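Trainee: Please take a close look at the aromatic pairs in this model, and then place them against the cores and the ligand site.

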Amino acid sequence: MYKDVSIIAGPSSVDLANGISKHLDAELVPVDLRIFADGESKIKVRKVEKDHCVIVQSTYPPTDRHLLQALMLIKRCSEDSEKVYAVMPYMAYSRQDRAFLKGEVVSMDLVAKLIEAVGTKRLITVDIHSPASLSYFTINAQNISAVGLLARYAKVKFKTNVPIVVSPDKGGVQRAAEFANELGTDMIALTKRRNKDTGQVIIEEKELNCNMVDRNLVLLDDTVSTGGSIVEACKFLRRYKPNKIYAMCTHAVLIGDTKRRIKAAGVEEIISTNSIPGNSAKVDLAGLISGRIKKIIDENV
Ligand code: R5P
């Protein structure tokens with residue numbers, strides 16, 4: 001039992017925080033949240049008396065609200081504890097880790113500075129969009145990979161028809177290779193281009209030398225947000241006459257009617273972790289995150 005640890009259940013990640021507290025056998029501290037008519041959050045947490053204080057708050061949409069709530073919680077808890085750790089499985093703004101166009105703000109740099117400024121001593125995130133984002137932190141900021149968890153889920157689900165793993169872009173090659181290796185299957189990576197002004201996705205692949213006829217495919221990505229990448233990849237892959245196409249990701253942001261559009265493009269099912277709660281969140285991160293918290297506390301890593 002981790003008697004010296006308080007797990008703070010951030011409003012965006014109540015179930016995940018509960019799961020983490022169960023894995024650690026640590027106390028779970030509820031958060032009292034009120035949203036004012038103008039949209040502001042008012043947060044109340046009781047005094048934290050344990051040595052280590054872990055705030056669990058994933059910063060998925062409404063992104064700015066969840067981010068600000070995380071900052072408020074960290075600020076509040078660091079008034080009581082020296083050892084405040086932030087668990088932010090979906091890291092807001094990690095896709096804005098550099099100025100892609102002239103005049104753009106490097107938002108990840110700002111977010112890292114804010115997280116540190118309120119008293120965070122360590123940060124844990126999951127499958128952050130780019131490792132470069134972590135370089136903006138001066139505190140110990142750790143990224144953990146959920147690829148193994150997702151692959152193990154897929155191994156059970158696709159026991160009888162082992163899928164080919166497809167990364168919608170070359171940036172995901174390593175992730176797809178690791179996933180495919182765990183399943184003992186093949187992988188391919190498409191060539192994707194995104195218009196930096198409009199965000200529109202284009203699959204640039206000309207032709208693939210891979211027999212997909214009647215094979216299941218798993219499109220694997222870190223994040224599915226607007227679904228542009230999955231929808232375009234799916235349209236492209238259909239011409240190779242596969243059996244079923246599944247989408248698996250760590251973070252199912254699924255903005256607006258994305259889920260419907262992905263299904264309409266022919267995706268059988270979307271499977272994600274619970275970094276973002278929802279119907280697709282079938283892979284639980286609580287064990288993985290607790291393992292890292294244990295390591296931090298036991299070995300001071
Ligand atoms: C981009 O490089 C990422 O790996 C994902 O492919 C991207 O974030 C997915 O976004 P969307 O669903 O909007 O295409």
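Mentor: F236 is buried, with 4% relative accessible area. The model is a predicted one, and F236 is a convenient place to begin because its ring belongs to a pair with Y240, the centres 5.7 Å apart and the planes at 55 degrees. That angle is neither under 30 degrees, as stacking would need, nor over 60, as edge-to-face would need, so the pair of F236 and Y240 is classed as tilted. Y240 is buried too, at 13% relative accessible area, under the 20% cut-off.

The count of aromatic pairs comes to two. The other one joins F158 and Y246: the ring centres lie 4.8 Å apart and the planes stand at 70 degrees, so this pair is edge-to-face. F158 sits in the loop between helix 4 (147-157) and strand 9 (164-167), while Y246 belongs to strand 14 (residues 245-252), so the pair ties together parts that are 88 residues apart in sequence. Both partners are shielded from solvent by the same cut-off of 20%: F158 has a relative accessible area of 4%, and Y246 has 8%.

Next, the cores. The largest nonpolar core has 29 residues, and those touching the most other members are I8, I55, M88, M91, I115, L123 and F137. At least two residues of this core come from each of strand 5 (52-56), helix 2 (63-77), strand 6 (83-87) and helix 3 (107-117). Helix 2 is the biggest contributor, giving six residues. To take one member, F137 is in contact with M91, M108, A112, I115, E116 and L123, leaving aside its neighbours within four places in sequence. Another core lies apart from the largest one; it holds 26 residues, including V166, I188, I203 and L219.

Last, the ligand. It is surrounded by 14 residues, of which D221, D222, S225, T226 and S229 are the closest. The side chain of D221 places a polar atom 2.6 Å from an oxygen atom of the ligand. For D222, a side-chain N or O atom is likewise 2.6 Å from a ligand oxygen. S225 takes part through its backbone, with an N or O atom 2.8 Å from an oxygen atom of the ligand. Taken alone, the ligand exposes 380 Å², and the protein buries 90% of that.

Methods: Residues are numbered from 1 along each chain as its sequence is written. This is a predicted model: local features need pLDDT of at least 70, side-chain atom pairs count only at pLDDT 80 or more; totals for chains, interfaces and linings use all residues. Side-chain values use heavy atoms; hydrogens and water are left out. A nonpolar core is a set of buried Ala, Val, Leu, Ile, Met, Phe, Trp, Tyr and Cys residues joined through side-chain atoms within 4.5 Å. Buried means under 20% relative accessible area, exposed over 50%, partly exposed in between (1.4 Å probe, protein chains only). Helices (H or I, at least four residues) and strands (E, at least two) are DSSP runs, numbered from the N terminus. Contact means heavy atoms within 4.5 Å. A residue is near a molecule or strand if one of its heavy atoms lies within 4 Å of it. A polar contact is a pair of N or O atoms within 3.5 Å; within protein, one must be able to donate a hydrogen and the other to accept it, and residues adjacent in sequence count only if both atoms are side-chain atoms. Accessible areas come from the Shrake-Rupley method with a 1.4 Å probe; for residues, only the protein chains shown count as cover. Rings of Phe, Tyr and Trp (its six-membered ring) pair if their centres lie within 6.5 Å; planes under 30 degrees apart count as stacked, over 60 as edge-to-face and the rest as tilted.
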